[in-house]
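Subject: Structure handover

Hello,

Here is the structure I promised to pass on. Please open it alongside this message.

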Amino acid sequence: MKRWWMLALGVNAHASVTLGLFGLPLVMPEILRHFGVSLPVGGLIGNAPAIGILCALVAWGALADRHGERLVLGLGVGVAAVTLAAAAFAEAAWAVIALLALAGAGGSAAMVGGGRIVLRWFSPPERGVAMGVRQVSFTLGMAAAAFVLPPVAAAHGLTGVLLLCSGLSLLAAVLAALFLAEPPHAAPESRAAAAGSPYRQPALWRVHATSALHAVPQIVVTTYGVDCLVTSYGWDGVAAGRLFGVAAIGGAVVRVAAGRWSDRTGLRMRPLLLLTLWNLAVLALLVAGALTGAAFGVAMLALASVMTVAGNGLAYLTAGELAGPGWAGRVLGTHNTVQNSVALVATPLAGLLIEGTGYWAGFAAGLGCALVSLPVIPLRADRS
């Protein structure tokens with residue numbers, strides 16, 4: 001039972017910090033109004049935490065491998081809380097970008113620490129569900145962000161949004177620092193994993209590459225989905241945020257179901273392949289809906305926000321299992337660094353593409369990356 005309590009603390013830390021690190025695109029109209037900037041610049045501000053995330057993930061992973069999750073989560077999420085509060089009172093866009101990047105650097109500790117909790121506290125037949133629950137932390141955070149942040153933005157502006165994100169992160173940091181513990185005994189495989197680099201396995205590189213390609217449709221949908229509903233379909237910003245909140249809850253359910261599916265079959269990559277095929281169909285319909293302005297485009301946008309994140313836990317878990325607990329922090333940090341590097345590049349490029357051509361073009365770029373990922377998915381990793 002204690003292992004689930006440890007997982008709950010990791011989930012809480014990741015979900016709480018997610019609002020400030022990934023939830024800001026949900027108030028994109030307020031960001032554009034507050035700073036008076038173009039859509040690509042607004043996308044950069046909303047995703048500025050990714051700058052810090054990609055710089056700090058591997059370092060947090062190495063620190064977690066050496067000192068454990070308690071120090072990493074308490075310190076990192078606490079840093080995120082302080083810098084989010086500072087960003088609330090900064091006026092210049094460049095200063096907010098810098099502070100949000102620092103918040104991302106600190107808060108990224110929760111992304112690494114939570115994954116290590118699964119690998120160190122849970123046995124392999126339980127890890128799919130446990131990692132699905134751990135991955136739910138992101139979708140729960142995004143659901144909370146979708147329901148809470150747009151109304152807060154409407155009532156208190158961007159300052160109120162950032163202060164709320166700071167308070168939630170501070171509470172999560174205190175809980176992690178007080179109650180997280182080490183597992184009663186180290187897994188035997190951790191000693192073997194420490195003997196040599198897991199990057200001798202080509203499968204691990206392919207898992208990273210698969211997630212990098214899958215990050216593009218995710219970032220396009222989550223960053224520009226709300227603005228698409230407001231601009232192209234005439235939705236109110238609060239109502240659009242609520243739709244994405246419901247979709248985030250659906251994404252949480254799908255992630256746990258995918259983990260359970262992988263535990264029952266003993267496979268990780270084959271379910272990911274099937275989910276990718278499903279995503280291709282959804283994204284193709286989304287492109288068609290956005291191009292023609294058809295009403296079904298709204299439904300496909302909501303469905304895409306659910307399905308494009310469904311396989312994240314499977315790839316993340318596979319990377320950790322190929323690494324072993326002795327290397328898990330560094331490998332999971334690298335895995336998330338790759339994803340966030342792609343997100344950082346894809347966000348302004350997608351904004352330029354959308355601004356110049358239309359939302360359908362941004363969604364089509366995501367569709368193309370998902371298609372390219374099909375031959376990259378390492379199905380042989382299941383047999384190993």
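Below is what I found, taken topic by topic. Please keep in mind that this is a predicted model.

**The cores**

Start with the largest nonpolar core, which has 115 residues. Which of them touch the most other members? Leu100 and Phe363 do. Helix H8, residues 124-179, gives the most to this core, with 17 residues. There is also a second, separate core of 6 residues. Ala56, Ala64, Val72 and Ala105 are among them.

Phe363 is worth selecting on screen. Set aside its neighbours within four places in sequence. Phe363 is then in contact with Val220, Val221 and Cys228. Leu286, Val287, Ala290 and Leu301 are in contact with Phe363 as well.

As background, nonpolar side chains in soluble globular proteins tend to be buried together.

**H4 against H5**

Next, look at helix H4 (residues 49-67) and helix H5 (residues 69-88). Their axes come within 7 Å. They cross at roughly 140°. Angles over 145 degrees would count as roughly antiparallel, so H4 is oblique to H5.

Which residues make the contact? From H4 come Trp60, Leu63, Ala64 and His67. From H5 come Glu69, Leu71, Val72, Leu75 and Gly76. Two of these names, Ala64 and Val72, also appear in the second core.

**His214**

His214 sits in helix H10, residues 202-233. Is His214 buried or exposed? Its relative accessible area is 13%. The cut-off for buried is under 20%, so His214 counts as buried.

The His214 side chain has a polar contact with the side chain of Ser373, at 2.9 Å. Leaving out residues up to four places away in sequence, His214 touches Leu272, Thr276 and Ser373.

**H11 and H12**

Helix H11 covers residues 237-265, 29 residues in total. From first C-alpha to last, H11 reaches 42 Å. That is close to the 42 Å expected at 1.5 Å a residue.

What caps the N-terminal end of H11? Asp236 does. One of its side-chain oxygens lies 3.0 Å from the backbone nitrogen of Val238. At the other end, Gly266 follows H11, with a positive phi near 75°.

Helix H12 runs over residues 269-292 and has 24 residues. H12 reaches 35 Å from its first C-alpha to its last. The expected value is 34 Å at 1.5 Å a residue, so the two are close. Gly293 comes just after H12 and takes a positive phi of about 75°.

Best wishes

Key:
Residues numbered from 1 in each chain as written. Predicted model: local features only at pLDDT ≥ 70, side-chain atom pairs only at ≥ 80, totals over all residues. Heavy atoms only, no water. Helix = DSSP H or I, 4+ residues; strand = E, 2+ residues; numbered from the N terminus. Polar contact = N/O pair within 3.5 Å; in protein donor to acceptor, adjacent residues only side chain to side chain. Core = buried A, V, L, I, M, F, W, Y, C linked by side-chain atoms within 4.5 Å. Buried < 20%, exposed > 50% of the residue type's maximum accessible area, 1.4 Å probe, protein only. Contact = heavy atoms within 4.5 Å. Axes fitted to C-alpha atoms, helices over the stretch in contact; angles between N-to-C directions. Parallel < 35°, antiparallel > 145°, perpendicular 65-115°, else oblique.
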